[in-house]
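Open the model in your viewer and show it as a cartoon. The stops below say what to select and what is there.

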Amino acid sequence: MIDKRVASLAEAVAGIPDGATVLVGGFGASGVPVELVHALLDQGTTDLTVVTNNAGSGETDVAALLRERRVRKIVCSYPRSTGSVWFEERWRAGEVELELVPQGTLSERMRAAAAGLGGFFTPTGADTRLAEGKEVRVIDGRRHVLEEPLPGDVALVKAARADRWGNLVYRTAARNFGPTMAAAAALTVVQVDEFVELGELDPEVVVTPGIFVDRVVRVGAA
Amino acid sequence: MSLEGRLDMRAVARRVARDIPDGSYVNLGIGLPTLVADCVGSDKEIVYHSENGILGMGPAPAPGAEDPELINAGKQPVTLLPGGAFFHHTDAFLMMRGGHVDLTVLGAFQVSEAGDLANWATDDASHPPAVGGAMDLAVGARRVLVMTSHTTKAGEPKLVPRCSYPLTAAGVVDRVYTDLAVLDVTTEGFLVREMVAGLDPDDLQGATAARLTFAADLAVLDPS
């Protein structure tokens, strides 16, 4: 019997080691697995490489990891936003390394990892400082940059509903990086608002099939 | 130097909106370009794309009706129109990078006469760099329109022979709409198509670092 449901947030993040590369879903405040990130914080895990679109805002989730000095490196497209105080403080002090990646390249690098590809050539970033040091090849007359896959040891994802096989559906634009990250990590942990019975999710609208999911935990809706 | 007839950016947005064909799939960059959505006539059906996985994005919701998960690229609350769809990030950027988005309207710090765009970094080392989806959109949209003031607040030209700011993408800009003129990027550099009423071509050249040529059928930029 397959049952990927776990009973607590602590159980959901158990065993995630120091030094792990963690893919954290979300775009701005939409679709961020806040409770899972806080469970990781509570567990004491440190020396993390965090891959996420923004670098957190205010005092929650990724910003809290930065505040507590749990992050060694952040890989993201847009670390500067309203309230990204902790990122900016740690970055200015040289305490966190930043790898800035164009947003589509960030997503596609994770997709490449998920798909077992060794990388891809894209015109995005060609002739810019973000391509410095990277292999360039002219394809169809256009300069393309070689980008490498970006796998995670762990993905933390927020979805709306899951069944015990880990099939997922999301809510509105909170889907964002979830499906790609879920497929790109060795251990994928998902927080949902609701568990449903096997068979209850319409197979025509399942967004992330359970093959990509290892653990699901229910939060929020009591 | 007199720069008569300088438009406000809402008038520039109205001019950009007139060039967006009915039925287009459009991504509007954050900031000024979002003004364009308010100026597109109701006779046109335009599908707005947002990099975080939305097609058929609608206007801001009524106060109190905001959904914190349903936001645009600028992280502002939006709505979904009938016929709209949600999809994940990699597909959202596949649409941008794979040439599926018909056109984009972007802001700019500088545009070069070769169509190079600089709109993501100013080399201010006191702030961390941030790029978001700017490079993907500039490279991938089928048509790249730039909407910008003709000069900076300090009066520095933004249309230049070569960008001094870090590039977003090389050779991508098709057309530039400023508060003074509409210019196409051609193999011979900037070609002025329209100018605001009462402006002398020499004065426009004076406000532009790149060399301008003027179209044989140069027209007056209609701000209405």
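Begin with a small region of this predicted model. Select β6, β7 and β8 of chain A: these three strands form an open sheet in the order β6-β8-β7, with antiparallel pairing. β6 and β7 (136-139) are the edge strands, each with a single partner, so one side of each has no neighbour in the sheet. From one strand to the next, the twist averages 40°.

Now look at the pairing of β7(A) with β8 (residues 142-147) of chain A, which is antiparallel and spans four bridges. Show the side chains of Val138(A) and Arg143(A): Val138(A) stands opposite Arg143(A), a residue of β8(A). Add α5(A) to the selection. This helix lies across β6 and β8 of chain A and runs at about 160° to β6(A).

**The eight-stranded sheet of chain A**

Next, select the strands of the open sheet with the order β1-β14-β12-β9-β2-β3-β4-β5 in chain A; there are eight, and the pairing is parallel. Which strands stand at the edges? They are β1 (5-6) and β5 (97-100) of chain A, and since each has a single partner strand, one side of each is left without a neighbour in the sheet.

At the β1 edge, zoom in on β14 (residues 215-218) of chain A, which runs parallel to β1(A) and is joined to it by two bridges. Arg5(A) has Val216(A) in β14(A) as its bridge partner.

**Chain A as a whole**

Zoom out to show all of chain A. Its secondary structure comprises six helices and 14 strands. With a radius of gyration of 18 Å, close to the 17 Å given by the globule rule for 222 residues, chain A is as compact as a globular protein of that length. Along the principal axes, its C-alpha atoms fill a box of roughly 50 × 40 × 30 Å. Of the 222 residues in chain A, 53% are buried. Among contacts in chain A between residues at least 6 apart in sequence, 75% join residues at least 24 apart.

**Where chain B touches chain A**

Bring chain B back into view and select the residues where the two chains meet: 31 residues of chain B are in contact with 39 residues of chain A. On the chain B side, α2 (89-97) and α3 (134-140) each supply at least two residues. Which element of chain B gives the most to this side? It is α2(B), with five residues. By type, the chain B side divides into 16 nonpolar, nine polar and six charged residues.

Stay on α2(B). Eight of its nine residues are buried, so this helix is largely enclosed by the rest of the structure. The buried residues are His89(B), Thr90(B), Asp91(B), Ala92(B), Phe93(B), Met95(B), Met96(B) and Arg97(B). To see what covers them, select α5 (103-114), β6 (120-122) and α6 (178-184) of chain A, along with β1 (25-28), β2 (47-50) and α3 of chain B, which are included in the cover. After α2(B) comes Gly99(B), where phi is positive, near 75°.

**Helix α1 of chain B**

For the last selection, take helix α1 (residues 9-18) of chain B. Its buried residues are Val12(B), Ala13(B), Arg14(B), Arg15(B) and Val16(B). They pack against β5 (103-106), β8 (143-147), β10 (175-177) and β11 (181-186) of chain B.

**Confidence**

Finally, colour chain B by pLDDT: the mean is 96, and 99% of its residues reach 70 or more. The model scores ipTM 0.94 and pTM 0.95.

Terms used
Residues are numbered from 1 along each chain as its sequence is written. Chains are lettered from A and ligands numbered from 1 in the order in which they are written. This is a predicted model: local features need pLDDT of at least 70, side-chain atom pairs count only at pLDDT 80 or more; totals for chains, interfaces and linings use all residues. Two residues are in contact if their C-beta atoms, placed from the backbone, lie within 7 Å. Ala, Val, Leu, Ile, Met, Phe, Trp, Tyr, Cys and Pro count as nonpolar, Asp, Glu, Lys and Arg as charged, and the others, Gly among them, as polar. A residue is buried if 20 or more other C-beta atoms lie within 10 Å of its own, exposed if 12 or fewer, and partly exposed in between; C-beta atoms are placed from the backbone. The radius of gyration is taken over C-alpha atoms; the globule rule is 2.2 Å times the number of residues to the power 0.38. pLDDT is the predictor's confidence in each residue, from 0 to 100. Two strands pair if DSSP finds at least two bridges between them. Axes are lines fitted to C-alpha atoms, for helices over the stretch in contact, and angles run from 0 to 180 degrees between N-to-C directions.
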